[in-house]
Structure formats: structure tokens, C-alpha cells
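Me: Please take a close look at one part of this structure and set it in the context of the whole chain. I would like a single connected account, with each term explained where it is needed.

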Amino acid sequence: MDYYSASGMTLLFTVFFQTIAITWVYGVKRFSSNIEEMTGHWPNWYFLATWVFVSPAVCLGIFLFSVMRYKPLVYAETYVYPWWGELLGWGIALASMVWIPSHAVFYFMLVTPGSLKDRLIAGITPKLQPSQKLTKTLGQDFELPRSENNKLSDSGDYKSTAQDILHI
């Protein structure tokens with residue numbers, strides 16, 4: 001269980017796509033503004049470069065080398081697990097990994113209308129609206145729409161519920 005699901009390739013696969021989603025899709029500028037809202041300080045250039053370039057490259061490199069250097073699991077240097085045990089282990093690993101590409105295919109090919117370009121743009125556009133302070137930081141092109149569903153206030157009210165933020 002530990003070898004296939006809690007570490008190694010599964011973790012690197014998930015972390016790689018999480019890093020890409022946060023820094024490239026959501027945007028490192030928005031993410032940095034969120035951190036500034038929480039801490040009062042904009043992250044320095046080292047963190048920005050690490051999030052955008054170094055972390056994805058290192059995760060992808062380790063993942064690829066792990067796949068290339070894969071050896072079947074051996075217990076106590078004497079017992080080699082049977083083929084069905086390896087298959088079960090990979091099934092456990094894939095149970096958490098398969099959802100990332102399958103959701104992308106589901107979202108981009110089956111659910112979202114429009115051309116492929118429109119679907120890709122819709123897939124990388126955040127659905128949550130930034131707070132008012134973030135809007136002021138990033139400029140007017142991130143202006144929040146005024147509606148009944150948008151209950152975020154300019155005061156930075158931390159008592160907003162998840163339903164208010166997610167427009168449920």
C-alpha cells in the first residue's frame with residue numbers, strides 16, 4: 001500500500017498537476033496576491049520562479065526517472081510478489097491518478113460546448129471570483145460583477161460563507 005499509493009509516482013503525479021493548476025492555470029500573479037492578502041507580503045522572486053519552473057520540472061523529472069527505473073516490488077530481498085500482486089498495486093496507484101486526465105477529457109471533450117480553443121479557454125479560466133482587495137491589486141480587468149449572488153464585501157469580511165464565495 002505504501003509503495004504504490006502513498007509515495008513515489010502517485011504523489012509526484014498529483015503534485016505536478018497541482019503545481020501546474022495553481023501557477024499556470026490560476027496564475028502565479030493571482031496566487032501571489034492571495035498570499036499577500038493572507039500574510040501582508042508579496043512572495044519574493046525565488047518563490048515565484050520555484051513555483052512556476054523549478055517545482056514542475058523537478059516533479060516531472062523524478063516521475064519520468066521513476067518510471068524508467070521501475071523494478072518490481074521485492075519484500076525483504078527474498079520474496080518477489082506475483083504478477084497479480086503487482087497488478088493490484090498498480091490498480092491502487094491508478095485509483096488516485098486516473099481522475100486527473102479522465103476529468104480533463106470529460107470536461108474538455110464531453111461537457112463543454114464550443115470549439116476546442118473555446119473549451120481550453122473555459123478549462124483554464126478560474127470559476128471563483130477574486131476578492132475586492134485582490135481586484136484592486138490586479139487592476140480593473142478583474143472587476144467583480146455586481147449581483148445578488150456576489151456577497152463578498154470590500155471590508156475583507158472573513159465571515160463570508162463558502163456558499164457566498166462559491167455562489168451556491
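Reply: Helices (H or I, at least four residues) and strands (E, at least two) are DSSP runs, numbered from the N terminus. By that definition the protein chain has 8 helices and 2 strands, and from the N terminus on its elements follow the order α-α-α-β-β-α-α-α-α-α. This is a predicted model, in which local features need pLDDT of at least 70 and side-chain atom pairs count only at pLDDT 80 or more, while totals for chains, interfaces and linings use all residues. Residues are numbered from 1 along each chain as its sequence is written, and side-chain values use heavy atoms, with hydrogens and water left out.

The part to look at closely is helix H3, which covers residues 45-68. With 24 residues at 1.5 Å a residue (the expected span being 1.5 Å times one less than the number of residues), H3 should span 34 Å, and its end C-alpha atoms are 33 Å apart, which agrees. At the start of the helix, a side-chain oxygen of Asn-44 comes to within 3.1 Å of the backbone nitrogen of Tyr-46.

H3 also bends, by about 45° at Trp-51, where the bend is the angle between axes fitted to the seven residues ending there and the seven starting there. Setting aside neighbours within four places in sequence, Trp-51 is in contact (heavy atoms within 4.5 Å) with Thr-19, Thr-23, Val-28, Phe-31, Ser-32, Ile-35, Pro-43 and Pro-56. The C-alpha atoms of Trp-51 and Ile-22 are separated by 8.8 Å, although these residues are 29 residues apart along the chain.

Which residues of H3 are buried? Taking buried as under 20% relative accessible area, exposed as over 50% and partly exposed as in between (1.4 Å probe, protein chains only), they are Thr-50, Val-52, Pro-56, Cys-59 and Phe-63. These buried residues pack against helix H2 (9-39) and helix H4 (83-97). In the protein chain as a whole, buried residues make up 23% of the 168 residues. Of its contacts with a separation of 6 or more, 48% are between residues 24 or more positions apart.

The two helices against which H3 packs also pack on each other. H2 and H4 meet at an angle of about 10°, with their axes 10 Å apart, which makes H2 roughly parallel to H4. Here the axes are lines fitted to C-alpha atoms, for helices over the stretch in contact, and angles run from 0 to 180 degrees between N-to-C directions; angles under 35 degrees count as roughly parallel, over 145 as roughly antiparallel, 65 to 115 as roughly perpendicular and the rest as oblique. In this pairing Met-9, Thr-10 and Phe-13 in H2 meet Trp-90, Ala-93, Ser-96 and Met-97 in H4. Thr-10 counts as buried because its relative accessibility is 4%, and, not counting residues up to four places away in sequence, Thr-10 touches Tyr-4, Ser-5, Ala-93, Ser-96 and Met-97.

One further site lies outside the helices, in the loop between strand S1 (74-75) and strand S2 (79-80), where Ala-76 is found. Most residues other than glycine have a negative phi. Ala-76, however, has a positive phi of about 55° although it is not a glycine, and phi of Glu-77, also not a glycine, is positive and near 60°. Ala-76 is exposed, with a relative accessible area of 54%, and Glu-77 counts as exposed at 78% relative accessibility.

Technical notes: A polar contact is a pair of N or O atoms within 3.5 Å; within protein, one must be able to donate a hydrogen and the other to accept it, and residues adjacent in sequence count only if both atoms are side-chain atoms.
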